[in-house]
Amino acid sequence: METPVIEKSNWKIEVLSDLEALSLRAASIFVSASRNSIAKRKRFAVAISGGSTPRRLYTLLGSEAYRNQVDWQYVHFFWADERCVPKDDEASNFRTAFDPLLSKIALPDKNIHRIRGEEGPDKAARDYEGEIRRFFGESERRGFDLIILGVGEDGHTASLFPSSKSLEETVRLAIPVYLEEPGKNRVTLTLSVLSNADQILFLVVGASKAAVLSEILGEKEKKKGFPAGLICPVHGNMTWLIDQEAAGKLGG
Ligand code: 6PG
């Protein structure tokens with residue numbers, strides 16, 4: 001069956017049958033994005049997310065079938081957000097990618113630009129911003145080649161939550177996020193950095209996301225309350241890979 005595609009000027013939605021089909025498609029996008037960037041810039045700077053959805057993608061990319069398709073020495077991993085926990089904590093977004101992917105590939109240590117959440121939200125955000133500025137250089141547009149994002153049932157993406165002050169940030173690249181529950185603080189890239197990527201890739205699965213997706217991908221005015229709906233590619237493009245369950249309320 002052909003994948004249904006809805007295409008707008010600089011973004012599109014692809015509906016895949018399930019998590020496996022979606023992860024395979026994401027893996028192929030990752031491989032071709034890495035090849036294009038490495039051919040053009042001799043580097044591929046990708047910012048990835050935590051959550052459960054991308055785990056299968058990370059496993060695929062770390063598997064024998066995929067790991068030889070990417071020239072890892074030129075790949076630089078950054079994170080869209082991180083929890084303020086040690087890097088080996090189960091909740092760590094670094095660990096979510098390290099176990100199935102980073103530990104399986106020939107990636108130089110200097111290519112891992114993790115957010116040091118264990119140092120606390122303020123310091124971790126400041127240091128991470130410094131790392132991003134050093135990597136891209138002050139004169140160059142600080143654009144990631146690819147950013148992989150998810151969406152929460154409340155419409156959050158990375159660690160940008162609805163009604164949060166962090167949505168107003170326009171100067172900083174990475175900011176601390178204080179959540180009410182003790183020990184749950186985070187660090188996140190800001191909306192402007194996310195929107196500045198060459199390629200923005202959302203991965204969304206499951207019926208529990210159907211309602212919020214119909215709001216985010218529906219009428220323009222409705223998007224406003226949902227951080228994921230505020231991401232708008234400035235000069236690149238955006239692809240939403242959605243499984244059939246999550247797409248259940250689209251276009252209705
Ligand atoms: C995180 C994320 C977060 C995530 C969404 C979707 O660290 O949790 O970066 O923004 O992408 O909450 O999570 P699921 O993939 O688990 O639905």
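Start by selecting the ligand in this predicted model together with the 15 residues around it, among which S52, T53, D81, A158 and K209 come nearest. If you colour this shell by residue class, you will find 2 nonpolar, 9 polar and 4 charged residues.

Next, show the side chains of R83, N93 and K209 as sticks and turn to the oxygen atoms of the ligand. A polar atom in the side chain of R83 lies 2.8 Å from a ligand oxygen, and an N or O atom in the side chain of N93 is likewise 2.8 Å from an oxygen atom of the ligand. For K209, the distance between a side-chain N or O atom and an oxygen atom of the ligand is 2.5 Å. With a surface switched on, consider how much of the ligand the protein covers: of the 420 Å² of accessible area that the ligand has on its own, 89% is covered.

From D81, which is one of the residues that come nearest to the ligand, move to the strands. Select β5 (residues 81-83) and β8 (residues 186-189), since these names recur below. Strands β5 and β8 pair in the antiparallel sense over 3 bridges, and within β8 the bridge partner of D81 is T188. Now add strand β7 (residues 174-177), which runs antiparallel to β8 and is joined to it by 4 bridges; here V177 stands opposite R186 of β8.

Stay on β8 and display its side chains. In a regular strand, side chains alternate between the two faces of the sheet. In β8, R186 and T188 point one way while V187 and L189 point the other way, and all of them are buried.

For the last stop, select helix α2 (residues 55-62), in which L57, Y58, L60, L61 and G62 are buried. To see what covers these buried residues, bring in the helices α1 (19-41), α3 (64-67) and α4 (93-98), along with the strands β3 (44-48), β6 (146-149) and β9 (199-204), which are included in that cover.

Within α2, centre the view on L57. Why does L57 count as buried? Its relative accessibility is 0%, and buried means a value under 20%. Leaving aside residues up to four places away in sequence, L57 touches S23, A26, A27, I148 and L203. To finish, draw a C-alpha to C-alpha distance from L57 to F30: the two are 27 residues apart in sequence and 9.4 Å apart in space.

Note on methods: Residues are numbered from 1 along each chain as its sequence is written. This is a predicted model: local features need pLDDT of at least 70, side-chain atom pairs count only at pLDDT 80 or more; totals for chains, interfaces and linings use all residues. Side-chain values use heavy atoms; hydrogens and water are left out. A residue is near a molecule or strand if one of its heavy atoms lies within 4 Å of it. A polar contact is a pair of N or O atoms within 3.5 Å; within protein, one must be able to donate a hydrogen and the other to accept it, and residues adjacent in sequence count only if both atoms are side-chain atoms. Accessible areas come from the Shrake-Rupley method with a 1.4 Å probe; for residues, only the protein chains shown count as cover. Ala, Val, Leu, Ile, Met, Phe, Trp, Tyr, Cys and Pro count as nonpolar, Asp, Glu, Lys and Arg as charged, and the others, Gly among them, as polar. Buried means under 20% relative accessible area, exposed over 50%, partly exposed in between (1.4 Å probe, protein chains only). Helices (H or I, at least four residues) and strands (E, at least two) are DSSP runs, numbered from the N terminus. Contact means heavy atoms within 4.5 Å. Two strands pair if DSSP finds at least two bridges between them.
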